[in-house]
Amino acid sequence: MTTQHPDRAVWPSSIEDVPATAPGRAPAVEPVRRTTAPPDSGIRTGTQPAGSDQLRSLASDNRSGRRRRWARGPTALALAALLTGASIGFGLHYTVVPPPRHTPTATAPTASAGAAFAQRQAAVNRASLPTPGIADFAGPWLATIGGCSVDAISETQRGNGETTRTRCTAGIVTSYWITYRNLADREAAEARYRSQAANAATLAPGAAPPTQQSTAAGRPVQYIEYAYRIPTGDRAGQVVVAIWWSDPTKPIAGVFTCYWAELASSWLPLRDLWAQAATTPVQR
């Protein structure tokens with residue numbers, strides 16, 4: 001049975017009645033009926049003509065009635081004009097000076113949006129790494145990676161001289177955080193990765209040659225881009241690309257690996273992830 005390469009990528013919603021006195025309808029008015037005055041009232045009844053005093057009284061009543069009617073006419077006109085003017089004025093005021101509208105104010109995101117999640121993610125990942133040294137080394141990526149497990153890598157899958165190898169994921173990328181027994185074992189691992197880097201440009205065009213980089217904290221690191229082809233299994237023949245880097249003064253290292261096809265045949269996404277800790281960009 002063939003042992004898989006230690007840095008192999010892990011794929012990871014009736015009509016309504018109207019009252020008779022409603023506006024717009026003339027109220028029903030019964031015709032005026034002439035009534036006969038009660039007897040012994042001193043007023044003539046029947047067909048007898050009215051006297052001069054009675055005629056004067058009727059004429060006076062007719063004139064006063066006209067005066068009352070004419071008095072009501074101008075008053076009604078004035079009231080109608082007043083109401084019309086008030087309606088027009090209200091309409092103009094509404095048109096020229098519309099009522100204020102309540103506009104909800106949007107709450108702008110704070111500068112610390114997402115900070116609480118990132119801090120918690122980093123704390124969980126830090127606790128998953130086996131030593132404080134490798135946890136500090138992986139510090140710039142602790143808020144990005146996840147699913148870390150030391151148990152996912154068996155002892156037989158570790159490289160020569162490795163004491164621990166913790167596997168984590170960052171989307172399509174698989175990362176490994178490695179501790180070595182000593183500096184000599186780390187240097188031996190570096191030599192193996194340099195040999196794979198020699199053929200990287202053939203398998204994954206655009207690979208940069210091994211260089212020394214520096215992190216955001218000013219820490220120098222050995223930086224190697226390499227590639228290999230999977231020899232057996234369901235993904236046999238597919239190309240895996242990787243970035244290996246280490247602290248030259250400590251027996252620790254990190255690896256980012258991914259299938260070349262999932263990177264759209266470009267080194268840029270993998271380099272962009274690594275550049276979270278780099279101040280000097282690698283050769284593109």
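**Salt bridges, disulfide and nonpolar cores of the predicted model**

A salt bridge (a side-chain nitrogen of Lys or Arg within 4 Å of a carboxyl oxygen of Asp or Glu) brings together the side chains of Arg271 and Glu225, with an N to O distance of 2.7 Å. This pair links distant parts of the chain, since Arg271 belongs to helix 6 and Glu225 to strand 5, 46 residues apart; helices (H or I, at least four residues) and strands (E, at least two) are DSSP runs, numbered from the N terminus. Arg271 is buried at 4% relative accessibility, and Glu225 is likewise buried, with a relative accessible area of 0%, where buried means under 20% relative accessible area, exposed over 50%, and partly exposed in between (1.4 Å probe, protein chains only).

The structure is a predicted model, in which local features need pLDDT of at least 70 and side-chain atom pairs count only at pLDDT 80 or more, whereas totals for chains, interfaces and linings use all residues. Residues are numbered from 1 along each chain as its sequence is written, and side-chain values use heavy atoms, with hydrogens and water left out.

In total, the structure holds eight salt bridges. Another of them joins Glu262 to Arg235, whose closest N and O atoms are 3.9 Å apart; because Glu262 lies in the loop between strand 7 and helix 6 and Arg235 in the loop between strand 5 and strand 6, the pair ties together parts that are 27 residues apart in sequence. Glu262 is partly exposed at 34% relative accessibility, while Arg235, at 17%, counts as buried. Arg186, Glu187, Glu190 and Arg194 are joined into one network by salt bridges that share partners.

A search of the whole structure finds one disulfide (a pair of cysteine sulfur atoms within 2.5 Å). This link is formed by Cys148 and Cys168, with their sulfur atoms 2.1 Å apart, and is right-handed, with 120 degrees about the S-S bond. Cys148 lies in strand 1 (residues 146-149) and Cys168 in strand 2, so the disulfide ties together parts that are 20 residues apart in sequence. The C-alpha atoms of the two cysteines are separated by 4.1 Å, and both residues are buried.

The largest nonpolar core, a set of buried Ala, Val, Leu, Ile, Met, Phe, Trp, Tyr and Cys residues joined through side-chain atoms within 4.5 Å, comprises 34 residues, of which Trp177, Val241, Trp245, Phe256 and Leu270 touch the most other members. The elements that give two or more residues to this core include strand 3 (173-180), strand 6 (239-246), strand 7 (252-259) and helix 6 (268-274), and the largest share, four residues, comes from strand 6. Leu270 is in contact (heavy atoms within 4.5 Å) with Val173, Val241, Ala242, Ile243, Phe256, Cys258 and Leu263, residues up to four places away in sequence not being counted. A second, separate core of 16 residues includes Tyr180, Ile224, Ile230 and Val255.

Strand 7 is largely enclosed by the rest of the structure, because eight of its eight residues are buried. In a regular strand the side chains alternate between the two faces of the sheet. Both faces of strand 7 are covered, with Ile252, Gly254, Phe256 and Cys258 buried on one side and Ala253, Val255, Thr257 and Tyr259 buried on the other. Strands pair if DSSP finds at least two bridges between them; strand 7 runs antiparallel to strand 3, to which six bridges join it, and antiparallel to strand 6, to which seven bridges join it. Ala253 is the bridge partner of Ile178, and Phe256 that of Ile243, while a hairpin joins strand 6 to strand 7 through five residues.
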